[in-house]
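Below are my comments on the model, as numbered points. They start with single residues and end with the chain as a whole.

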Amino acid sequence: MAEAFNLPVVSHLIPEVHVHLIGAIPNGLTVEYMPWLTRLFEEVPQPVNGELAMPSAPGLGLNFNRQTIDRYGVA
């Protein structure tokens with residue numbers, strides 16, 4: 001709908017997922033970078049020259065960090 005009205009799309013939070021959304025649409029403008037979940041994943045998209053690098057792994061390109069899951073998990 002935003003594209004139909006020539007409006008940009010800007011993400012809010014979860015840059016690990018939103019980098020794919022904003023990169024896939026022609027009117028994607030900005031990915032808000034709040035690295036709050038970096039410990040949850042083994043690798044996350046990193047800023048390179050002011051832009052988030054798109055992961056090349058299949059799917060979202062995210063794998064959970066087992067140590068973090070074990071540390072904060074509830075049995």
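1. Trp36 sits in the loop between β2 and β3. Since its relative accessibility is 58%, this tryptophan counts as exposed, the cut-off for that class being over 50%. Trp36 lies 23 residues along the chain from Leu13, and their C-alpha atoms are separated by 8.9 Å. As with everything below, this is read from a predicted model.

2. Leu13, the partner in that distance, belongs to the loop between β1 and α1. Its phi is positive, about 70°, although the residue is not a glycine. Ile14 lies in the loop between β1 and α1 as well, and also has a positive phi without being a glycine, here about 45°. Both count as partly exposed: Leu13 has 27% relative accessibility, and Ile14 has 43%. These two residues deserve a look when the backbone is checked.

3. Which residues does Arg39 touch, leaving aside those up to four places away in sequence? They are Asn65, Thr68 and Tyr72. Arg39 is placed in the loop between β2 and β3, and with 54% relative accessibility it counts as exposed. From Arg39 to Ser56 the separation is 17 residues in sequence and 20 Å in space, C-alpha to C-alpha.

4. Thr68 gives the view from the other side of that contact. Thr68 is part of helix α2, residues 66-72. Is Thr68 buried or exposed? Thr68 is buried, because its relative accessible area is 14% and the class takes values under 20%. Not counting residues up to four places away in sequence, Thr68 touches Arg39 and Leu40. The contact between Arg39 and Thr68 therefore joins an exposed residue to a buried one.

5. Helix α1 has several buried residues: Pro15, Glu16, His18, Val19, His20 and Ile22. What do the buried residues of α1 pack against? Their partners are β1 (9-10), β2 and β4. An α-helix makes a turn every 3.6 residues, so positions three or four apart point the same way. Val19 and Ile22, both among the buried residues of α1, are also part of the lining of the largest pocket.

6. The largest pocket holds about 260 Å³ of space. Its lining consists of Val19, Ile22, Gly23, Leu29, Thr30, Val31, Tyr33, Pro47, Gly50, Glu51, Leu52 and Met54. Two or more lining residues come from each of α1 (15-24), β2 (28-30) and β4 (51-52). With three residues, α1 contributes the most. By class, the lining has eight nonpolar residues, three polar and one charged.

7. For the second largest pocket the volume is about 170 Å³. The residues that line it are Glu42, Glu43, Val44, Pro45, Ala53, Pro55, Ser56, Ala57, Gly61, Leu62 and Asn63. Six of these are nonpolar, three polar and two charged. Ser56, given above as lying 20 Å from Arg39 between C-alpha atoms, is one of the lining residues here.

8. How many helices and strands does the chain have? There are two helices and four strands, and their order from the N terminus is β-α-β-β-β-α. Among contacts with a separation of 6 or more, 30% are between residues 24 or more positions apart.

9. On overall shape, the chain has a radius of gyration of 14 Å, whereas a compact globule of 75 residues would be near 11 Å. The C-alpha trace spans about 50 × 25 × 20 Å along its principal axes. Of the 75 residues, 21% count as buried. Accessible surface totals about 5,800 Å², and carbon and sulfur atoms account for 58% of it. Any description of the fold should give the radius of gyration together with the value for a compact globule.

Methods
Residues are numbered from 1 along each chain as its sequence is written. This is a predicted model: local features need pLDDT of at least 70, side-chain atom pairs count only at pLDDT 80 or more; totals for chains, interfaces and linings use all residues. Side-chain values use heavy atoms; hydrogens and water are left out. On a 1 Å grid over the protein atoms alone, a cavity is a set of points where a 1.4 Å probe fits but cannot get out, and a pocket is an open set with protein on both sides within 12 Å along at least five of seven lines; lining residues have an atom within 4 Å of a point. Grid points are joined across faces, edges and corners, and a volume is the space filled by probe spheres set on the points. Ala, Val, Leu, Ile, Met, Phe, Trp, Tyr, Cys and Pro count as nonpolar, Asp, Glu, Lys and Arg as charged, and the others, Gly among them, as polar. Buried means under 20% relative accessible area, exposed over 50%, partly exposed in between (1.4 Å probe, protein chains only). Contact means heavy atoms within 4.5 Å. The radius of gyration is taken over C-alpha atoms; the globule rule is 2.2 Å times the number of residues to the power 0.38. Accessible areas come from the Shrake-Rupley method with a 1.4 Å probe; for residues, only the protein chains shown count as cover.
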